[in-house]
Amino acid sequence: MDMTNQEYSRYVEQKAKPSPIWKNLTWAFCTGGLICTGGQALLNLYRGCGLSEGDAGTAVSVTIIFLAALFTGLGWFDRLAKHAGAGTLVPITGFANAMVSPALEFKSEGYITGTAAKLFVVAGPVLVFGISASVIYGLICFFFGL
């Protein structure tokens, strides 16, 4: 069956289900907002426990990363993301999920060659470029006396 590009486009438009964009936007907004609200609540809790602003921020980051990784391991993060969409990609939770998912996928290959090695599929490039950028920035500051 030979079709022109225009005929194929019309065929695809007829078969494709319309995307509920407003529903998806609302879920993403609400989910991302709830994650951020939870982070703010944790910050207030940690500050109330006597941590400084910087230490409380660090504790919030560690807690959210831990929870996102735990929820990924338990399979809850994917179920939430299925309904919430981009709302779960608040950078810190999305990164934690991206770190843990490949490790879980390859756990059948063993703890070292599977799980541990695959943890760095995503983190490796981030670490390499982050460290490289910081070294370059440090050299620029050093040579220009900044």
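The protein exposes about 10,900 Å² of surface, and carbon and sulfur atoms supply 70% of that area. Keep in mind as you look around that this is a predicted model. Of the 146 residues, 21% count as buried. As for charge, the protein has 9 positive and 8 negative side chains. If you take the centre of each of these two sets, the centres lie 9 Å apart.

Now let your eye follow the chain. The secondary structure comes to seven helices and zero strands, so the pattern read along the sequence is simply α-α-α-α-α-α-α. How spread out is this arrangement of helices beside a compact globule? The radius of gyration is 22 Å, whereas the globule rule gives 15 Å for 146 residues; the value is well over the rule, so the protein is more spread out than a compact globule. The box filled by the C-alpha atoms gives you another view: along the principal axes it runs to roughly 65 × 40 × 40 Å. Contacts along the chain add to the picture. Among those between residues at least 6 apart in sequence, 50% join residues at least 24 apart.

A good place to zoom in is Ala 56, which you will find in helix H3, the helix covering residues 53–74. Is Ala 56 buried or exposed? Its relative accessible area is 0%, and because buried means under 20%, Ala 56 counts as buried. Leaving aside residues up to four places away in sequence, Ala 56 touches Leu 43, Tyr 46, Arg 47 and Leu 51. For a sense of distance across the model, try Arg 10 as a partner: Ala 56 and Arg 10 are 46 residues apart along the chain, and their C-alpha atoms are separated by 55 Å.

Let us finish with the cysteines. How many disulfides does the model have? The count comes to zero. Take Cys 30, which is in no disulfide: the nearest cysteine sulfur belongs to Cys 36 and is 12 Å away, while a disulfide needs the two sulfur atoms within 2.5 Å. Cys 30 has a relative accessibility of 39%, so it counts as partly exposed, since that class lies between the under 20% of buried residues and the over 50% of exposed ones. Cys 49, with a relative accessible area of 60%, is over the 50% mark and therefore exposed.

Methods: Residues are numbered from 1 along each chain as its sequence is written. This is a predicted model: local features need pLDDT of at least 70, side-chain atom pairs count only at pLDDT 80 or more; totals for chains, interfaces and linings use all residues. Side-chain values use heavy atoms; hydrogens and water are left out. Helices (H or I, at least four residues) and strands (E, at least two) are DSSP runs, numbered from the N terminus. The radius of gyration is taken over C-alpha atoms; the globule rule is 2.2 Å times the number of residues to the power 0.38. Buried means under 20% relative accessible area, exposed over 50%, partly exposed in between (1.4 Å probe, protein chains only). Contact means heavy atoms within 4.5 Å. Accessible areas come from the Shrake-Rupley method with a 1.4 Å probe; for residues, only the protein chains shown count as cover. Lys and Arg count as positive and Asp and Glu as negative; His and the chain ends are not counted. The place of a charge is taken as NZ of Lys, CZ of Arg, CG of Asp or CD of Glu.
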